[in-house]
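Here is an informal walk through one protein model, aimed at someone who likes to check contacts and burial by eye. Keep the viewer open and follow along.

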Amino acid sequence: MEVSIKDNERIDDLQYKGLRLIQDPGLFCFGIDAVLLANYAKAAAGDTVVDLCTGNGVIPILMSGKTSASKLIGAEIQEQSVDLASRSVRLNSLQDKVEILNEDIRRLPDTIPKGSVDVVTCNPPYMIESHGLHNEADSKTIARHEIMCTLEDVVSVAAALLKTGGMFYMIHRPFRLAEIMVMLNRYKLEPKRMRLVYPYVDKEPSMVLIEAKRDAKSRITVEKPLIVYEKPGVYTAELLDFYGRED
């Protein structure tokens, strides 16, 4: 399909089943956290998946190839990112499977029926508004800091959308892990799996992957660590699988 590409944009190969993504270097470009989440999340045939804070749509586009989900919906408040994501959907001829909504995630329970979704994913802003320096570009600040939505907004919306037994997948920063667990418990999303992500085997973890289940009993499995790099610039075999293996 013919899709327009602007002068300041590029097309990136997602290295999986020929999937591609339109990116604008002036806006927030996806990182390894999106790739990790797309590999961690599970969706079965017939499932509906909603990706909150979808940005340029990389997670639903990757999950369209990595899972058997029937419908993937990405919700994003920033119009520029929605435009990129929508054109990437067309670029990959995924219009029948992936839908991008220009929506404040806090209003999604008024748009998507409550209790109707099988899987919710989110790679949310990690930093509370006062943490760190804000990038001068508004789009990057919104992507990194809790300006347009908070952790509680993400968790409460996921809980509202999910069916009983539905699954929530999120990647976040370990320094907020205690807050994350409290919030999941508050909204009846029971943590079932957790995996810490380490940049190197001898460093502290930089990310945490979490799977939670709506209205489930208490029991969590802490999985083995995920190591990103063997040495500077060289991914571990597991990370290479994420980027290059086609099951």
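## A charged pair between two strands

Asp118 and Lys163 join their side chains in a salt bridge, with N and O 2.9 Å apart. Asp118 belongs to strand E6 and Lys163 to strand E7, so this pair ties together parts that are 45 residues apart in sequence. Bear in mind that the model is predicted.

The two partners differ in cover: Asp118 counts as buried at 16% relative accessibility, while Lys163 is partly exposed, with a relative accessible area of 34%. For Asp118 the reasoning is just the cut-off: buried means under 20% relative accessible area, so 16% qualifies. As background, side chains of opposite charge can pair when their charged atoms come close.

## The charged network at helix H3

By the distance rule used here, the salt bridges come to 13. Some of them share partners, and Lys6, Glu9, Asp83 and Arg87 end up in one network.

Take Asp83 and Lys6 to start with: their closest N and O atoms are 3.4 Å apart. Asp83 sits in helix H3 and Lys6 in the segment before strand E1 (10-13), so to speak distant parts of the chain, 77 residues apart. Asp83 counts as partly exposed at 28% relative accessibility, and Lys6 is also in the partly exposed class, with a relative accessible area of 44%.

Then there is Arg87 with Glu9, a salt bridge whose closest N and O atoms are 2.7 Å apart. Arg87 lies in helix H3 and Glu9 in the segment before E1, so the pair ties together parts that are 78 residues apart in sequence. Are these two residues, Arg87 and Glu9, buried or exposed? Both are buried.

## Strand E6 and its partners

Back to strand E6 (residues 117-122), which is mostly covered: 6 of its 6 residues are buried. Strand E3 (residues 48-52) runs parallel to E6, and 4 bridges join the two. In that pairing, Asp51 stands opposite Thr121 in E6.

E6 also pairs with E7, again in the parallel sense, over 5 bridges. Here Val119 is the residue opposite Met167 in E7. As a general reminder, in a regular strand the side chains alternate between the two faces of the sheet.

## Cysteines without a disulfide

How many disulfides does the rule give? The count comes to 0. Cys122 is in no disulfide, and the nearest cysteine sulfur, that of Cys53, is 4.0 Å away. The cut-off for a disulfide is sulfur atoms within 2.5 Å, so the 4.0 Å between Cys122 and Cys53 does not qualify.

Cys122 counts as buried, at 0% relative accessibility. Cys29, on the other hand, is partly exposed, with a relative accessible area of 23%.

## Helix H7, one face in and one face out

Helix H7 (residues 177-186) has Leu177, Ile180, Met183 and Leu184 buried. Looking down the axis of H7, these buried residues fall within an arc of 125°, so they line one face of the helix. On the other side of H7, Ala178 and Asn185 are exposed.

What do the buried residues of H7 pack against? They pack against helix H6 (151-161), along with strand E7 (162-172), strand E8 (189-198) and strand E9 (207-214). If you scan backbone torsions, look just after H7: Lys188 takes a positive phi of about 60°.

## A covered helix and a buried loop residue

Helix H1 (residues 32-40) is mostly covered, with 7 of its 9 residues buried. The buried residues of H1 are Asp33, Ala34, Val35, Leu36, Leu37, Ala38 and Tyr40.

Asn92 is placed in the loop between helix H3 (79-91) and strand E5 (98-102). At 15% relative accessibility, Asn92 counts as buried. Its side chain reaches the backbone oxygen of Arg20 at 2.7 Å. Leaving aside neighbours within four places in sequence, Asn92 is in contact with Gly18, Leu19, Arg20 and Ile61.

Definitions and conventions. Residues are numbered from 1 along each chain as its sequence is written. This is a predicted model: local features need pLDDT of at least 70, side-chain atom pairs count only at pLDDT 80 or more; totals for chains, interfaces and linings use all residues. Side-chain values use heavy atoms; hydrogens and water are left out. Buried means under 20% relative accessible area, exposed over 50%, partly exposed in between (1.4 Å probe, protein chains only). The arc is that of the directions from the helix axis to the C-beta atoms. Contact means heavy atoms within 4.5 Å. Two strands pair if DSSP finds at least two bridges between them. A polar contact is a pair of N or O atoms within 3.5 Å; within protein, one must be able to donate a hydrogen and the other to accept it, and residues adjacent in sequence count only if both atoms are side-chain atoms. A salt bridge is a side-chain nitrogen of Lys or Arg within 4 Å of a carboxyl oxygen of Asp or Glu.
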